[in-house]
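Trainee: Hi! Could we go through this model together?
Mentor: Sure, let's put it on the screen and start wherever you like.

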Amino acid sequence: MGNERYVQVRERAEAYAAWYEKERVTAHIAENCREEAKQILAQADRLMAHTFSFEDRWDMEPCREPFTLKEMIWDRSPNGDPEWIFMLNRHEYMNKLLIAGWLTGDTAYAEKLKWFLLHWIQANPILPEGTVTTRTIDTGIRCMSWQYLLLHLLGEGLIEEKEAGEILESMKDQFASLRKRYIGKYTLSNWGVLQTASICSGYLWFREYLPSDGTEDWAWKELERQIGLQVLDDGAHWEQSMMYHVEVLLACMKLLASCRAIGRIGSRNDKAGAGYGWGEPGGDGYSRDESDRDEPGGDGYVWNGDSRKEFWRSTDWLEKAVDRMSRYVLFATGPDHVQIAQCDSDVTDVRDVMVKAAVLTGDGRYKYAGYDTVDLDSAWLLGSAGIAGYRAMEGRMPESRSLEAADAGHIFFRSSWEEDSHFTYLKCGPLGSGHGHADLTHISLYYRGHSVLADSGRYSYVEEEPLRPFLKSAQAHNVCVIDGESHGRPRGSWGYDSFGQSFKNYYREQGPVHYGEMAYHGCLMSGEHYLVIRKVMAVDQGIWMIVNDIRCDGSHEVKEYYHLDSAVQAARTGPGTDRTGEYWRLCCGGDVSMTVLGSRPFESEPCILSKQYNQKEKSTCLVRKTGFTDRITDWTCLLGEGTEAKKIPVFQYGSSRPEPEEQVTAMSFCISPDESWDFLVWNQETWQGGKIHYCKGVPVYAKAAAIHTINGNTTLYRLRI
């Protein structure tokens with residue numbers, strides 16, 4: 001029986017290897033991914049000497065500093081961070097050894113790979129309560145990594161039956177442990193997805209070695225339940241971290257890729273597995289044929305011509321989740337192709353995710369946002385058919401330039417899809433999980449493709465690290481803080497003692513004008529309640545006006561923070577034209593610069609940014625401190641180079657006296673002698689007197705409006721009534 005099941009698994013792996021076409025993939029990597037290949041070879045050589053560094057793009061807790069283990073101990077951290085142990089035991093880096101063998105023809109890499117896997121099995125018994133090396137999240141990731149390694153080792157004849165059997169028996173034990181240790185909260189956690197997706201994938205390829213005790217059906221049903229709860233209708237992952245959003249997305253992509261691949265294997269000789277492939281090389285990259293779907297009530301599998309039971313199971317919900325989450329990544333990415341350090345996230349290039357999304361969904365918008373050719377990691381996952389499909393696909397510019405992710409509380413808009421565009425991210429929504437930060441009403445901003453206003457990042461998960469709770473606090477974000485109290489008061493690395501209650505955001509765009517409103521309710525430790533309302537108006541030519549309306553009974557102090565990207569140099573340049581504010585010049589890199597103007601003066605303070613886990617760098621924060629009683633309304637403007645700003649009067653119908661700023665904030669922006677924009681934002685209802693207002697003679701009925709004047713012609717944009 002043991003030999004029979006091994007033969008079945010080996011034949012399936014050989015069919016996978018034939019479909020995968022390692023030689024074509026290797027040639028593509030050598031020709032199109034030279035820098036990545038060079039890095040892979042260097043990392044593989046270090047692994048041969050037991051030198052470890054975790055610097056892959058989507059490593060959740062990277063550590064670039066290399067450490068050599070003289071003795072291969074899996075449960076000891078050389079730098080004191082337990083996350084290093086977790087990274088070591090996930091084995092996502094092991095494929096470097098296999099790829100290095102492809103690139104060099106040296107089988108010593110594959111031999112070392114097997115040594116690591118077998119050594120891990122001997123050194124880490126699967127105990128009922130789990131250990132530091134067998135946490136459930138790491139076990140799920142490790143088993144997913146093993147599956148692809150085993151497919152190649154078996155398919156290429158690089159592993160013996162005894163070795164493969166030992167690895168598969170260990171995987172069986174690890175799956176059993178995962179199910180036994182599964183707890184209810186995993187249904188709403190990225191930990192849960194990384195476990196169930198791994199189990200589902202494992203049964204696709206190695207079912208002969210896995211128990212027929214209902215674990216497979218449980219994993220598929222639980223994964224579908226997890227995705228239904230965790231992925232919001234707007235495509236965002238509920239935990240409020242782009243890093244973990246992508247981690248969940250990649251797990252779903254790996255499973256979907258396995259479904260497609262095993263379907264193509266089945267369809268090589270007959271139609272039993274058709275419907276999950278990318279088409280033949282040179283095709284359109286996306287083909288589906290559901291003519292062989294089982295009847296309702298079936299067990300989800302079909303038999304192919306040689307009487308082997310092959311995969312078929314409805315994955316419509318999985319495909320839709322991959323598409324929805326990929327769409328969110330598309331819009332949440334800056335013009336430099338990186339995600340911002342939102343909550344517990346790093347600044348990471350997402351183009352490899354877009355490549356995978358393009359191949360798996362057939363949507364050319366993702367190719368437009370991806371690389372010109374398939375990157376190394378995507379080639380490793382998708383094989384030659386994925387490479388050919390991506391090559392044949394036409395990129396397509398997204399029709400929209402904005403996304404209001406209403407469930408997550410995020411707003412993204414940009415001036416274009418070019419790399420030199422302006423990009424704005426507004427956030428005010430639910431906390432999410434422990435990965436969430438106290439960043440209600442935060443704004444991140446790019447000007448002409450350069451990051452200007454940045455999120456401070458996460459730096460560390462270590463409980464004793466003082467920078468960890470600070471970077472989670474409001475003071476580390478581009479927000480207003482009352483009396484020095486973050487609305488969310490961090491407690492340790494993962495908890496909070498309080499958190500503000502956000503309201504639903506409002507967003508509207510008309511032509512080149514964008515307008516968003518964010519608000520939340522907070523409570524000071526003294527028991528006083530307060531309301532913060534932030535309104536942002538922007539135009540695609542590179543002008544932003546931020547209005548803060550804060551109400552808190554009594555006398556208080558508010559600080560407004562703007563953390564500049566570490567590449568930005570700030571210098572005070574003097575008062576505004578109407579002497580009500582003060583200009584700061586921001587040099588963003590090269591010859592690109594812009595201006596910040598505030599209703600009250602800013603001062604500069606040093607700050608720390610963490611664009612990557614375990615890394616920090618010095619930067620500058622512009623801070624404005626103001627005392628107020630009961631209520632304060634103020635504004636900040638960010639202007640593209642050459643634009644001048646000044647306050648302008650707004651008159652209520654029947655009155656010759658300008659409206660106070662507590663009623664309406666009004667600024668005029670002169671781009672040239674022939675062109676200007678006027679921004680009008682009302683801060684409270686017009687509840688008495690005439691309901692129409694006038695600005696430069698233009699009648700306005702709105703709560704937010706912009707007036708564009710060019711060559712004497714005027715256009716009114718109403719953004720809120």
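Trainee: Let's begin with strands. Which residue in β28 does V664 stand opposite?
Mentor: That would be W682. Keep in mind as we go that this is a predicted model.

Trainee: Noted. How do β27 and β28 pair, and over how many bridges?
Mentor: They run antiparallel, with 8 bridges between them. A hairpin of 2 residues connects β27 to β28.

Trainee: And which strand pairs with β27 over 4 bridges?
Mentor: Strand β25, residues 644-647, which pairs with β27 (residues 664-672) in the antiparallel sense. To find your place there, look for A645, whose bridge partner in β27 is F669.

Trainee: Moving to β9, are its residues buried or exposed?
Mentor: Buried: 5 of the 5 residues in 423-427 are, so the strand is largely enclosed by the rest of the structure. Both faces are covered, with F423, Y425 and K427 on one side and T424 and L426 on the other.

Trainee: Which strand does β9 join over 5 bridges?
Mentor: Strand β8, residues 410-414, is joined to β9 by 5 bridges, and the two run antiparallel. Strand β10, residues 442-447, also pairs with β9 in the antiparallel sense over 5 bridges.

Trainee: Where does Y425 fit in?
Mentor: Y425 is the bridge partner of F412. In β10, the partner of Y425 is S444.

Trainee: Switching to charges, how many salt bridges are there?
Mentor: The count is 46. Side chains of opposite charge can pair when their charged atoms come close.

Trainee: Can you show me one inside a helix?
Mentor: Try K172 and E169, whose side chains meet at 2.9 Å, N to O. Both sit in helix α8 (residues 161-181), 3 residues apart, about one turn of the helix.

Trainee: Are K172 and E169 buried, exposed or something in between?
Mentor: K172 is partly exposed at 26% relative accessibility, and E169 is partly exposed too, with a relative accessible area of 24%.

Trainee: How about D634 and R624, what is their N to O distance?
Mentor: Their salt bridge is 3.5 Å, N to O. D634 is buried, with a relative accessible area of 5%, and R624 counts as buried at 1%.

Trainee: And a pair that links loops?
Mentor: K703 and E685 form a salt bridge at 2.7 Å, N to O. K703 lies in the loop between β30 (698-700) and β31 (704-710) and E685 in the loop between β28 (675-682) and β29 (693-695), so the pair ties together parts that are 18 residues apart in sequence. K703 is partly exposed at 28% relative accessible area, while E685 is partly exposed at 45%.

Trainee: Which residues are linked in a network of salt bridges?
Mentor: One network links R57, D349, R351, D352, K356 and D377.

Trainee: Now the nonpolar side. Which residues touch the most other members of the largest nonpolar core?
Mentor: Y16, F52, L88, W205, F206 and I227 do, in a core of 140 residues. Helix α11 (residues 242-266) supplies the largest share of this core, 17 residues. In soluble globular proteins, nonpolar side chains tend to be buried together.

Trainee: What is F52 in contact with, leaving aside its neighbours within four places in sequence?
Mentor: Its contacts are L47, E65, P66, F67, L69, M72, W84, L88, Y93 and F116. Apart from the largest core lies another one, of 42 residues, among them M518, L524, V568 and L586.

Trainee: Last topic, cysteines. How many disulfides does the structure hold?
Mentor: The number is 0. For C523, the nearest cysteine sulfur belongs to C552 and is 8.8 Å away. C523 is partly exposed, with a relative accessible area of 32%.

Trainee: And which cysteine has the sulfur nearest to that of C607?
Mentor: C621, at 5.3 Å, and C607 is in no disulfide. With a relative accessible area of 11%, C607 is buried.

Trainee: Great, thanks for the tour!

Definitions and conventions:
Residues are numbered from 1 along each chain as its sequence is written. This is a predicted model: local features need pLDDT of at least 70, side-chain atom pairs count only at pLDDT 80 or more; totals for chains, interfaces and linings use all residues. Side-chain values use heavy atoms; hydrogens and water are left out. Buried means under 20% relative accessible area, exposed over 50%, partly exposed in between (1.4 Å probe, protein chains only). Two strands pair if DSSP finds at least two bridges between them. A salt bridge is a side-chain nitrogen of Lys or Arg within 4 Å of a carboxyl oxygen of Asp or Glu. A nonpolar core is a set of buried Ala, Val, Leu, Ile, Met, Phe, Trp, Tyr and Cys residues joined through side-chain atoms within 4.5 Å. Contact means heavy atoms within 4.5 Å. A disulfide is a pair of cysteine sulfur atoms within 2.5 Å.
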